[in-house]
Amino acid sequence: MTRKVAVIMGSDSDLSVVAGAIEQLKEFGVPFEARVISAHRTPTQAENFARGAADAGFGVIIAAAGKAAHLGGVIAAYTTLPIIGLPIKSSALDGLDSLLSIVQMPPGIPVATVAIDGAQNAAILAAQILALSDAALAETLKAHKAAMAAKVLEKDRKLQEEVGKL
Ligand code: RP5
């Protein structure tokens with residue numbers, strides 16, 4: 001069974017950033033579901049979602065949240081699925097509060113944390129986890145990496161031309 005990615009966010013106000021993860025998952029053809037679930041405002045839903053996530057067919061969970069960003073940690077408390085924390089820059093502290101709230105988990109309950117607003121990397125990491133048991137997805141990821149490298153090589157080639165004109 002192809003496992004899905006859960007993309008959960010603490011508020012719909014996070015969507016403008018989280019959209020970057022959704023777009024990347026779509027580009028890879030990775031099945032996903034997106035939900036608004038708040039660790040603070042809907043704690044019962046957060047617990048129920050986490051407890052049922054593996055049986056619901058999810059293989060990895062991206063948890064995006066801002067401010068005192070406890071969503072990933074709370075979800076991680078109730079499941080052994082891997083959790084990727086996506087800190088959102090949604091406060092007066094420019095997302096540093098979100099980053100530290102997500103990354104500073106106590107021993108025993110890990111949340112793999114990407115950069116502030118690092119939505120694309122959250123999606124790539126989620127896909128890499130699923131690709132461990134999905135050879136076709138692994139090939140897609142290799143092609144994506146190769147395409148990135150080709151773009152940089154082209155930029156370098158153009159730079160040589162520009163430098164030559166100086
Ligand atoms: C967090 O508080 C959310 O993840 C969001 O980043 C932030 C603000 O939420 P709203 O007040 O916009 O709903 O829980």
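Trainee: Which strands do the buried residues of α4 pack against?
Mentor: This is a predicted model. Helix α4 covers residues 96-103. Its buried residues include D97 and I102. They pack against β3, β4 and β5.

Trainee: Which residues of α4 are buried, and where on the helix do they fall?
Mentor: Buried here means under 20% relative accessible area. In α4, D97, S98 and I102 are buried. Seen down the axis of α4, these residues fall within an arc of 120 degrees, so they line one face of the helix.

Trainee: In what order do the five strands stand in the sheet?
Mentor: The sheet is open, and its pairing is parallel. β2 (32-36) and β5 (112-113) stand at the edges, each with a single partner strand, so one side of each has no neighbour in the sheet. The order is β2-β1-β3-β4-β5.

Trainee: Which residue stands opposite T113 in β5?
Mentor: β5 pairs with β4, residues 83-88, in the parallel sense. Two bridges join this pair. Opposite T113 stands G85.

Trainee: Which strands does α1 lie across, and at what angle to β1 does the helix run?
Mentor: Helix α1 covers residues 15-28. The helix lies across β1, β2, β3 and β4. Its angle to β1 is about 170 degrees.

Trainee: How do the residues of the contact of α1 with α5 divide into nonpolar, polar and charged?
Mentor: The two helices pack at an angle of about 40 degrees, with axes 7 Å apart. Among the contact residues are V17 and F28 of α1, and I124 and A127 of α5. The division is eight nonpolar, three polar and no charged.

Key. Residues numbered from 1 in each chain as written. Predicted model: local features only at pLDDT ≥ 70, side-chain atom pairs only at ≥ 80, totals over all residues. Heavy atoms only, no water. Pairing = 2+ DSSP bridges. Helix = DSSP H or I, 4+ residues; strand = E, 2+ residues; numbered from the N terminus. Contact = heavy atoms within 4.5 Å. Axes fitted to C-alpha atoms, helices over the stretch in contact; angles between N-to-C directions. Buried < 20%, exposed > 50% of the residue type's maximum accessible area, 1.4 Å probe, protein only. Arc of directions from axis to C-beta. Nonpolar A, V, L, I, M, F, W, Y, C, P; charged D, E, K, R; others polar.
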